[in-house]
Amino acid sequence: WVVVSKMYPDLPEDDELAAAWVDLIGCALLEDDLNEAVEAPQEGSDFEARAKMLANVMDLVWEATTHTSPLVRSKAYGSLEAIDWDTAEALNCLRPPVAYAR
């Protein structure tokens with residue numbers, strides 16, 4: 001996802017490209033090293049960097065749920081469904097509940 005987000009920091013305009021983009025950045029939500037971050041000390045740059053990365057990816061995927069293309073929205077909701085919410089909570093990167101209301 002790091003390479004993709006550098007090349008396309010925002011959701012591409014083309015529907016098929018946007019759907020592929022959501023798929024790729026959504027994989028960041030599934031990476032095993034996020035779970036390892038929870039087991040690491042709750043302080044320090046590594047923990048903070050992982051928490052920030054997860055929060056940024058979650059924001060991008062949530063934004064994609066409002067796309068006009070059903071394909072893009074489907075990919076976004078699929079990525080959100082795969083989130084390990086316990087890990088996200090342990091990394092302190094969840095937003096207030098109102099942020100997730102659509």
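In this predicted model, Leu17 is partly exposed, with a relative accessible area of 33%. The residue lies in helix H2. Leu17 also belongs to a nonpolar patch on the surface, together with Met7 and Tyr8. The accessible area of Met7, Tyr8 and Leu17 together is about 300 Å². Leu17 is eligible for such a patch because its 33% relative accessible area passes the required value of over 30%.

The surroundings of Leu17 were examined next. With neighbours within four places in sequence left aside, Leu17 is in contact with Tyr8 and Pro12. Tyr8 is thus both a contact of Leu17 and a member of the surface patch. Leu17 was also compared in position with Val72. These two residues are 55 residues apart along the chain. Their C-alpha atoms are separated by 9.0 Å.

Helix H2 takes part in a charged pair as well. A search of the whole structure finds one salt bridge. The side chains of Lys75 and Asp23 form this bridge, at 3.3 Å from N to O. Lys75 lies in helix H5 and Asp23 in helix H2, so the pair ties together parts that are 52 residues apart in sequence. Neither partner is classed as buried. Lys75 is partly exposed, with a relative accessible area of 29%. Asp23 is partly exposed too, at 34%. Both values fall in the partly exposed class because that class lies between the buried limit of under 20% and the exposed limit of over 50%.

The interior was then considered. The largest nonpolar core has 23 residues. Of these, Leu29, Met58 and Val61 touch the most other members. Helix H2 (15–26), helix H4 (45–64) and helix H5 (70–81) each supply at least two residues of this core. Helix H4 gives the most, with nine residues. Helices H2 and H5 therefore both contribute to the core and hold the two ends of the salt bridge.

Val61 gives a closer view of the core. Its neighbours within four places in sequence were again left aside. Val61 is then in contact with Ile25, Gly26, Leu29, Ala76, Ser79 and Leu80. One of these contacts, Leu29, is likewise among the core residues that touch the most other members.

Notes:
Residues numbered from 1 in each chain as written. Predicted model: local features only at pLDDT ≥ 70, side-chain atom pairs only at ≥ 80, totals over all residues. Heavy atoms only, no water. Core = buried A, V, L, I, M, F, W, Y, C linked by side-chain atoms within 4.5 Å. Buried < 20%, exposed > 50% of the residue type's maximum accessible area, 1.4 Å probe, protein only. Helix = DSSP H or I, 4+ residues; strand = E, 2+ residues; numbered from the N terminus. Contact = heavy atoms within 4.5 Å. Patch = residues over 30% accessible without salt bridge, like charges linked within 9 Å, V, L, I, M, F, W, Y side chains within 5 Å. Areas by Shrake-Rupley, 256 points an atom, 1.4 Å probe, with all protein chains shown as cover. Salt bridge = Lys/Arg side-chain N within 4 Å of Asp/Glu carboxyl O.
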